[in-house]
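Biologist: I'd like to learn how to read aromatic pairs in a model. Could you walk me through it?

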Amino acid sequence: MTRCSWVKIDNLLYVAYHDKEWGKPLHEEQALFELLCLETYQAGLSWETVLNKRAAFRQAFHNYDIKKVAQMTNQDLDALLDNPSIIRHRAKLYATRANAQAFLKVQAEFGTFDRFIWSYVNGQPRVNTVVDYHQVPAQTALSQQISKDLKKRGFKFVGPVCIYSFMQATGLINDHEDECEWK
């Protein structure tokens, strides 16, 4: 089977992520929150590093139960700094709680985060022509707009590059290469 050329076929987590998740329209609240968090952890790191630590992050953050994460204390978050199985970046760990709190506010305002985030693409994935993934932009005017809106709402570590990756991951944007059989 032909996959996007960025997939590291020697890493089964990477292959499974590409084949089963990346670029597929996602609407489940907890899963949206998890991917948003994972994208924030990636800032300055590789996606492979984040994927390899995903299971540990799930355990550390109550399987991304949004309400539980929003209620984590400073003591809870500081304790995670001793966990070698996750990315121990204090600001990113604290951002996870801040983002859960902001996520809950968006849910209260719009009914669901899903409704809010998918409104940016009128509820339909944008399918791009991608011959080579090197041609895919790191950010777009849309990711800049969403980033700005999220920051105003209290979200952290949600720059336009992070948000474009989130859009790809959750299927708002389909950037599978044209030759990819998963497009």
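Modeller: Happy to; we will look at ring pairs, then at one charged side chain. Keep in mind that this is a predicted model.

Biologist: What describes a pair of aromatic rings?

Modeller: Two values do the job: the distance of the centres and the angle of the planes. This structure holds 14 aromatic pairs. Take Tyr17 and Trp47: their ring centres are 5.3 Å apart and their planes meet at 50°, so this pair is tilted.

Biologist: Where do Tyr17 and Trp47 lie?

Modeller: Tyr17 is in helix α1 (residues 12-20) and Trp47 in helix α3, so the pair ties together parts that are 30 residues apart in sequence.

Biologist: Are those two residues buried or exposed?

Modeller: Buried means under 20% relative accessible area. Tyr17 has 2%, so Tyr17 is buried, and Trp47, with 9%, is buried as well.

Biologist: What kind of pair do Phe116 and Tyr120 make?

Modeller: Their planes stand at 85° with the centres 5.5 Å apart, so that pair is edge-to-face. Phe116 is buried at 2% relative accessibility, and Tyr120 is buried at 14%. Phe116 and Tyr120 also belong to one aromatic cluster, whose members include Phe33, Tyr41, Phe110 and Phe155.

Biologist: And the charged side chain: which residues does Glu48 contact, leaving aside its neighbours within four places in sequence?

Modeller: Glu48, found in helix α3 (residues 47-52), is in contact with Lys8, Asn11 and Tyr14. With Lys8 there is a polar contact of 2.9 Å between the two side chains.

Key
Residues are numbered from 1 along each chain as its sequence is written. This is a predicted model: local features need pLDDT of at least 70, side-chain atom pairs count only at pLDDT 80 or more; totals for chains, interfaces and linings use all residues. Side-chain values use heavy atoms; hydrogens and water are left out. Helices (H or I, at least four residues) and strands (E, at least two) are DSSP runs, numbered from the N terminus. A polar contact is a pair of N or O atoms within 3.5 Å; within protein, one must be able to donate a hydrogen and the other to accept it, and residues adjacent in sequence count only if both atoms are side-chain atoms. Contact means heavy atoms within 4.5 Å. Rings of Phe, Tyr and Trp (its six-membered ring) pair if their centres lie within 6.5 Å; planes under 30 degrees apart count as stacked, over 60 as edge-to-face and the rest as tilted. Buried means under 20% relative accessible area, exposed over 50%, partly exposed in between (1.4 Å probe, protein chains only).
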